[in-house]
Amino acid sequence: MNIAETTPTTTFKISLNNKEVIKVVFKHYNGLLVRFEFYGCVSPTGYQSHFMYIMDKAWEKYDDIQVLAKDIAQQYYNVGGYKLLAQIKQRQQLSLF
């Protein structure tokens, strides 16, 4: 899905390398800024937000928003999202504070 195919808010799902499915909400802000909201095993809390300027060189490397979202989500998973997955598998209660 390229940028021209998206509306101001677009929701889709992606699969990480380990086959975990992540829900993504993609939002445009004033044509200069975009926001990705990731729901799933991307952080110890199960949620991660990522802002990006359209002028960013990383943005220019991608023609497909879903591929960009997958790469960003995979980086977040690699940093801390696996911890949430481990807690879920062990059926541990997540702390609120």
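Buried means under 20% relative accessible area, exposed means over 50%, and partly exposed lies in between. The structure discussed here is a predicted model.

Q: Does Lys19 count as buried, partly exposed or exposed, and what is its relative accessibility?
A: Lys19 lies in the loop between S1 and S2. The cut-off for an exposed residue is over 50%. Lys19 passes this cut-off and therefore counts as exposed, at a relative accessibility of 67%.

Q: What is the phi of Lys19?
A: Most residues other than glycine have a negative phi. Lys19 is a residue other than glycine, yet its phi is positive. The value for Lys19 is near 75°.

Q: Which pattern of helices and strands does the protein chain follow?
A: The secondary structure of the protein chain comprises two helices and four strands. When these elements are read along the sequence, the pattern is β-β-β-β-α-α.

Q: Which strands are the edge strands of the open sheet?
A: The four strands form an open sheet in the order S1-S2-S3-S4, and their pairing is antiparallel. An edge strand of this sheet pairs on one side only. The edge strands are S1 (9-15) and S4 (47-53).

Q: By what angle are neighbouring strands of this sheet turned against each other on average?
A: The sheet in question is the open one with the order S1-S2-S3-S4. With direction ignored, the average turn between its neighbouring strands is 20°.

Q: How many bridges join strand S2 to strand S3?
A: Strand S2 covers residues 21-29 and strand S3 covers residues 33-39, and the two run antiparallel. Among the bridge partners, His28 is matched with Val34 in S3, and Lys23 is matched with Tyr39 in S3. The number of bridges joining S2 to S3 is seven.

Q: Which residue in the turn between S2 and S3 has a positive phi?
A: S2 and S3 form a hairpin, with three residues between the two strands. In this turn, a positive phi of about 45° belongs to Asn30.

Q: Which residue in S4 is the bridge partner of Leu33?
A: S3 and S4 run antiparallel and are joined by seven bridges. The bridge partner of Leu33 in S4 is Tyr53.

Q: How many of the seven residues of S3 are buried?
A: In the protein chain of 97 residues, 33% count as buried. Strand S3 is mostly covered. The number of buried residues in S3 is five.

Q: What is the relative accessible area of Glu37?
A: Glu37 lies in strand S3. A buried residue has a relative accessible area under 20%. Glu37 falls below this cut-off and is therefore buried, with a relative accessible area of 8%.

Q: Which residue has a side chain joined to that of Glu37 by a polar contact of 2.8 Å?
A: The side chain of Glu37 makes a polar contact of 3.5 Å with the side chain of Arg35. Glu37 also touches residues over four places away in sequence, including Lys23, Val25 and Tyr47. The polar contact of 2.8 Å joins the side chain of Glu37 to that of Tyr39.

Q: Why is the pair of Tyr29 and Phe51 classed as it is?
A: A search of the whole structure finds five aromatic pairs. In the pair of Tyr29 and Phe51, the ring centres lie 6.3 Å apart and the planes stand at 40°. The pair links strand S2 and strand S4, with these positions 22 residues apart in the numbering. Planes under 30 degrees apart count as stacked and those over 60 as edge-to-face, so the pair with planes at 40° is tilted.

Q: Is Phe51 buried, partly exposed or exposed?
A: Tyr29 has a relative accessibility of 30% and therefore counts as partly exposed. The relative accessibility of Phe51 is 46%, so Phe51 counts as partly exposed.

Q: At what angle do the ring planes of Phe38 and Tyr76 stand?
A: This pair links distant parts of the chain, with Phe38 in strand S3 and Tyr76 in helix H2 (residues 65-89). Phe38 is buried at 0% relative accessible area, whereas Tyr76 is partly exposed at 23%. The ring centres are 6.3 Å apart, and the pair is tilted because its planes stand at 55°.

Q: Which residues do ring pairs link into a cluster?
A: Phe38 and Tyr76 form one tilted pair. Ring pairs link these two with further rings into a cluster, whose members are Phe26, Phe36, Phe38 and Tyr76.

Methods
Residues numbered from 1 in each chain as written. Predicted model: local features only at pLDDT ≥ 70, side-chain atom pairs only at ≥ 80, totals over all residues. Heavy atoms only, no water. Buried < 20%, exposed > 50% of the residue type's maximum accessible area, 1.4 Å probe, protein only. Pairing = 2+ DSSP bridges. Axes fitted to C-alpha atoms, helices over the stretch in contact; angles between N-to-C directions. Polar contact = N/O pair within 3.5 Å; in protein donor to acceptor, adjacent residues only side chain to side chain. Contact = heavy atoms within 4.5 Å. Phe/Tyr/Trp six-rings, centres within 6.5 Å; stacked < 30°, edge-to-face > 60°.
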